[in-house]
Amino acid sequence: MNLLPFPSEAVEGLERFTLFFPLWTLLAALLSLLQPDLFTWVAGPVIVWSLALIMLGMGLGLSPADFRRAMIPPRAALIGVGAQFLVMPALAASLAWVLKLEPPLAVGLILVGCCPGGTASNVVALIARADVALSVVMTSLSTLLAVAVTPLLASALAGRYVPVDGWTLLVNVMQVVLVPVTVGVAIKQGLPRLAARVQPVMPPLAVVAIALIVAGIVGSQREVLLRQGGLLVLATALLHGGGFLLGFLLPALLGEPRAVRRTISIEVGMQNSGLAVVLARSGGFANPLTALPGAISAVMHSLLGSLLAALWRKRP
């Protein structure tokens, strides 16, 4: 019995739509620059619920067996998650200082660096012929650890610019990450038929949600982006480019095989920028500009990650 509500051709179409996620994100950002009024409704609760939907989709694709498979042996996953929370926060804080970003933009960039890996990294790992199972587990582990680690890192690194309410950040991460992921895993375990029916539409829905989040933030901060966009593009390009590079070099120095090096590079370089936007908007930060680096980051890491995946796919 076919559990999917669509024929196989429709499922393939949804997968192709998902593979073009950088294009949809870029188009959403450009359209928002041209017609910002189209996306004024993408704010507040809409952004929070959009991210929760993405996290629910991640949970629907996971099971306890996925964690066990990639954690035996645990070396590669631990190297990757360690690099995720060491490289990116330090790199973001350093770039904010070197480029002398305004305090709200500096805090926004640091929030991006302190967030876990994004779900888009799993798609990029697939395109790049990396270790997809390891990619999924790294994203999941970093997401779960982010409940405690992201507020701690953000408080330590961003506190020099503005007061950071670590408890508010913690509560928000639990609401938009831990709860939806847990619900998704529970549905897959308790209602596998329902999970199988819903799961094929979750990746394209995640793509739409990310594109809308980006469009909403870009449109609401259009004037600032036009004035300081060059500096933000440079900052996010250096952040994610540095993440891809260091994420590849560190496991190489530790003797990991090529597939693992590629996977860790992708995981470290691609952040959950949507979470950074939500935390900037609802984590106790008064200045709305704090969310702008997260929106630019979503476009930048998607483009850089897709380019890297295309290059690696030609060199299996």
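1. A starting point is Leu27, which has its place in helix α2 of what is a predicted model. Leu27 counts as partly exposed because its relative accessibility is 43%, a value that falls between the 20% under which a residue is called buried and the 50% over which a residue is called exposed.

2. Leu27 also belongs to a nonpolar patch on the surface, formed together with Leu19, Phe20, Leu23, Leu26, Leu30 and Leu303, and the accessible area of these residues taken together is about 570 Å². Helix α2 supplies the largest share of this patch, namely four residues.

3. Is Ser32 buried or exposed? Ser32 lies in helix α2, which runs over residues 21-34, and Ser32 counts as buried because its relative accessibility is 0%. If neighbours within four places in sequence are left aside, the residues in contact with Ser32 are Phe39, Ala215, Val218, Gly219 and Arg222.

4. Turning to the whole protein, there are 15 helices and zero strands. The radius of gyration is 18 Å, which is close to the 20 Å that the globule rule gives for 316 residues, so the protein is as compact as a globular protein of that length. The C-alpha trace spans about 55 × 45 × 40 Å along its principal axes.

5. On burial and contacts, 51% of the 316 residues count as buried, and among contacts with a separation of 6 or more, 85% are between residues 24 or more positions apart. The accessible surface of the protein comes to about 13,500 Å², and carbon and sulfur atoms account for 72% of it.

Methods:
Residues numbered from 1 in each chain as written. Predicted model: local features only at pLDDT ≥ 70, side-chain atom pairs only at ≥ 80, totals over all residues. Heavy atoms only, no water. Helix = DSSP H or I, 4+ residues; strand = E, 2+ residues; numbered from the N terminus. Buried < 20%, exposed > 50% of the residue type's maximum accessible area, 1.4 Å probe, protein only. Contact = heavy atoms within 4.5 Å. Patch = residues over 30% accessible without salt bridge, like charges linked within 9 Å, V, L, I, M, F, W, Y side chains within 5 Å. Areas by Shrake-Rupley, 256 points an atom, 1.4 Å probe, with all protein chains shown as cover. Salt bridge = Lys/Arg side-chain N within 4 Å of Asp/Glu carboxyl O. Rg over C-alpha atoms; globule rule 2.2 N^0.38 Å.
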